[in-house]
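Open the model in your viewer, switch to a cartoon display and keep the selection box at hand. We will walk through it one stop at a time.

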Amino acid sequence: MALINQSQVIDNVKSVSVSIHEQKIEHIDPSQYASDITEILVDYRPVEFSEKNPPKPQLEADDLVALSHRLGDKKLGIILSGASDYQFLQQDFAKVMPLLSVIVIDFHGFRDGRGYSLAQKIQQHPSYNSAIVLRASGDILPDTLQLLTEVGFSEFDIDDSDFNPSWFDYFVDIKHRYTGRSVTQLPIFAN
């Protein structure tokens with residue numbers, strides 16, 4: 001995977017994702033990972049949901065807090081998806097946000113816009129601060145990069161087979177906003 005921001009490929013971040021489906025949180029030993037791993041991303045996507053059982057996070061915020069105390073110099077992040085229910089997550093965010101360096105929102109398909117809404121809601125949470133990186137991953141197309149930056153994403157995890165340096169042009173090539181608003185403030189009398 002190529003990790004990029006608006007101007008360059010980011011080489012100094014090495015991540016490992018941890019699935020709570022495969023092990024219990026207390027069994028995660030940060031020292032078992034290679035020394036060049038800089039961040040541990042905990043899969044915080046919902047495990048089960050149906051009409052009777054709405055999406056729930058895989059672990060309790062207290063478990064994530066306990067893990068953060070064992071990380072040493074490694075950064076902590078969580079992986080969410082568009083299916084993650086903000087109503088459940090916002091209760092945990094008060095405890096979890098101060099510990100996080102990155103929040104990854106995984107897009108399962110380029111037509112799934114729920115990740116955009118989730119990113120905006122996360123940024124509006126009182127515990128969110130600008131030091132937390134919002135990273136988009138999954139099915140990302142080059143022409144969505146500008147729109148993703150408009151809602152607050154600053155890093156993008158792109159499949160190596162899809163990525164090429166021309167993707168950086170998409171950050172500056174889009175002249176017309178599709179969202180009905182402009183990022184740039186103009187005087188009321190401007191055209």
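## Stop one: a right-handed crossover

Begin by selecting β4, α2 and β5, which together form a right-handed β-α-β unit. Please keep in mind throughout that this is a predicted model. β4 spans residues 75-81, α2 covers residues 86-96, and β5 takes in residues 102-107. The two strands of the unit, β4 and β5, are paired in the parallel sense over five bridges. To find the pairing on screen, show Ile79 and look across to Val104 in β5, which stands opposite.

## Stop two: the helix in between

Now colour α2 by itself. Which residues of α2 are buried? They are Tyr86, Leu89, Asp92, Phe93 and Val96. Turn the view until you look down the axis of α2: these buried residues fall within an arc of 125 degrees, so they line one face of the helix. The spacing has a simple background: an α-helix has 3.6 residues a turn, so residues three or four places apart point the same way.

Add the surroundings next. The cover over the buried residues of α2 includes α1 (61-68), β4 and α3 (114-124). Before leaving, zoom in on the N-terminal end of α2, where Asp85 acts as a cap. One of the side-chain oxygens of Asp85 lies 2.9 Å from the backbone nitrogen of Gln87.

## Stop three: the covered strand

Select β5 and show its side chains. Six of the six residues in β5 are buried. Val102, Val104 and Asp106 sit on one side and Ile103, Ile105 and Phe107 on the other, so to speak front and back, and both faces are covered.

On to the other neighbour of β5. Strand β6 (residues 133-138) pairs with β5 in the parallel sense over six bridges. Here the pair to display is Phe107 with Gly138 in β6, which stands opposite. Bring in α3 as well, and you have another right-handed β-α-β unit, made of β5, α3 and β6. α3 lies across β4, β5 and β6, and runs at about 160 degrees to β5.

There is a small detour in the loop between β5 and α3, where you will find Asp112. Is Asp112 buried or exposed? Its relative accessibility is 17%, and the cut-off for buried is under 20%, so Asp112 counts as buried. Show the side chain of Arg114 too: the side chain of Asp112 makes a polar contact with it, at 2.9 Å.

## Stop four: on to β7

Select β6, helix α4 (residues 145-150) and β7, which make a right-handed β-α-β unit as well. β6 and β7 pair in the parallel sense over three bridges, and Ser137 has Asp157 of β7 as its bridge partner.

With β7 selected, display the side chains. Glu155 and Asp157 point one way from β7, Phe156 and Ile158 point the other way, and all of them are buried.

On another side of the pairing, β1 and β7 (residues 155-158) run in the antiparallel sense over three bridges. Two places to look are Ala2, which stands opposite Ile158 in β7, and Ile4, which stands opposite Phe156.

## Stop five: the whole sheet

Now show every strand. What is the order of the strands in the sheet? It reads β1-β7-β6-β5-β4-β3-β2, an open sheet of seven strands with mixed pairing. At the edges are β1 (2-4) and β2 (15-18), each of which pairs on one side only. Neighbouring strands are turned by 25 degrees against each other on average, with direction ignored.

Select α1 next. α1 packs on the sheet, touching β3 (39-43) and β4, and its direction makes about 150 degrees with that of β4. The buried residues in α1 are Ala61, Leu64, Leu67 and Ser68. Viewed down the axis of α1, they fall within an arc of 120 degrees, so they line one face of the helix. They pack against β3, β4 and α2.

## Last stop: zoom out

Finally, show the full chain. Its secondary structure comes to five helices and seven strands, which run β-β-β-α-β-α-β-α-β-α-β-α from the N terminus on. Of its 191 residues, 45% count as buried.

Key
Residues are numbered from 1 along each chain as its sequence is written. This is a predicted model: local features need pLDDT of at least 70, side-chain atom pairs count only at pLDDT 80 or more; totals for chains, interfaces and linings use all residues. Side-chain values use heavy atoms; hydrogens and water are left out. Buried means under 20% relative accessible area, exposed over 50%, partly exposed in between (1.4 Å probe, protein chains only). Helices (H or I, at least four residues) and strands (E, at least two) are DSSP runs, numbered from the N terminus. The arc is that of the directions from the helix axis to the C-beta atoms. Contact means heavy atoms within 4.5 Å. A polar contact is a pair of N or O atoms within 3.5 Å; within protein, one must be able to donate a hydrogen and the other to accept it, and residues adjacent in sequence count only if both atoms are side-chain atoms. Two strands pair if DSSP finds at least two bridges between them. A crossover is right-handed if, with the strands pointing away from the viewer, the path from the first strand over the helix to the second runs clockwise. Axes are lines fitted to C-alpha atoms, for helices over the stretch in contact, and angles run from 0 to 180 degrees between N-to-C directions.
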